[in-house]
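Q: I am new to this structure and would like a close look at a single part of it. Could you take one strand and describe its surroundings and its partners?

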Amino acid sequence: MKHLKFILLFLVMFSLFSRATTVYEDAEDGLIDGWRIVNDSSNNPFENLFSNSQQSRVIHLNGGQRMLGGYPGTSSAWNNRSETTITWKMLVYNRYTFYVILNTRNGLRYLFYNDLPQRIGFHNGALRDKNGRLIAILHGLGGYQHREYKNVWRTYTRDLKADLKDADPDNEIISVDGIMYAGSEAFIDNIMLYNPDETVYGRGEQGVANWVVSDADPAGAVINMADDPENAQGTVISLQGSGQNNAYSLQNPNGGALWNNTRQQILQWKSRFHENYTVYVNVETSQGARTIRYENRNTYTPSGGVENGGQTLWFDLGGWSIIGQNGWENAWPQYNGAVNNVWQTITRDIAQDIRTFQPTNQLLAVNSFEIRGSGLIDDVKMLSRPVM
């Protein structure tokens, strides 16, 4: 009995540890300790101040480049070896770039995020290692020239392990060591690393029992288990039909069509598509039922909008999230046209997406996931927010 109690206590403690949260900046101490100016001759000040809209203290970055933490192997590096999901709140007025600095098995890597709708893998910029190899990986967060993304506070959550493997599939994170902001004036708050609690709804190894063809016209659409051609995912789900004319829905593995997930607000899936596709997520909100539509567009504007009197909200996933799409990767020889011949991980904060166009609306439950298009999909899951 003593051994059983010890095992149960260990499992509880391990679960709590695995979902721990490390807060690197919440500004509540009134200080700017840990922040420093990088490559900025103007020496513009930055400050810790009180935000009336947030009713909390925040960090004001007055343009230029600002770093929190540091590079691998330096005394200021976070050296976080256990948590690989990052979340932060930010208000921007113009273009920006948010960098996360990683120590990886293959050396220094920068995962960087901006307001472009594209994910182009390794970026042909100035960030290279001593051997001239590219070390910066771009994931566009969308919102370019879109007013709903500017001048408002937004919460961002990124799975750093997945974002690294989208462009560097054979690499692994050793530690997360810091962040850097570059761009125009901005306010930032609640920078945290954590490991989310997750609910997996669709994974190749689980089989196809929870998948149904929800639009079978025209006939012939099929759902099968398949081997990943890139040999990175193992067994995956193959959706094959007449393109976006057919639809496939993922049921609740515990029974019934509706997920009714009231605990988790972040949706994630992995996909490998050769053609355009669209994802529909049905949710319940404080203002009624909503459909969130995610489109694979190759455009800068518009990058999202409202339809059906506010019942439908749509967002651009980025047109270069499919394989073989003409774009920057084909213009740069080092990509050899193969940047998208790997799996792409999509992570969407459903609650934040709703607030983008309906600021007073609140997510109550995520109920269903449907996709139109032919391709491969895996690891459809919901993720939790950090535990404070």
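A: What follows is a description of strand β4 and the strands beside it. The model is a predicted one, in which local features need pLDDT of at least 70 and side-chain atom pairs count only at pLDDT 80 or more, while totals for chains, interfaces and linings use all residues. Residues are numbered from 1 along each chain as its sequence is written, and side-chain values use heavy atoms, with hydrogens and water left out.

Strand β4 covers residues 56–69, and because 10 of its 14 residues are buried, the strand is largely enclosed by the rest of the structure. Here buried means under 20% relative accessible area, with a 1.4 Å probe and protein chains only, and a strand is a DSSP run of E with at least two residues, numbered from the N terminus.

Two strands are said to pair if DSSP finds at least two bridges between them. Strand β3 (residues 46–51) runs antiparallel to β4 and is joined to it by six bridges, with I59 of β4 as the bridge partner of N48. These two strands form a hairpin with four residues between them, where Q55 takes a positive phi near 55°.

Strand β2 (residues 35–37) is also antiparallel to β4, through three bridges, and W35 has L68 in β4 as its bridge partner. L68 has a bridge partner in β11 as well, namely I179, and β11 (residues 173–194) is joined to β4 by 10 bridges, again in an antiparallel arrangement.

Conventions
Buried < 20%, exposed > 50% of the residue type's maximum accessible area, 1.4 Å probe, protein only.
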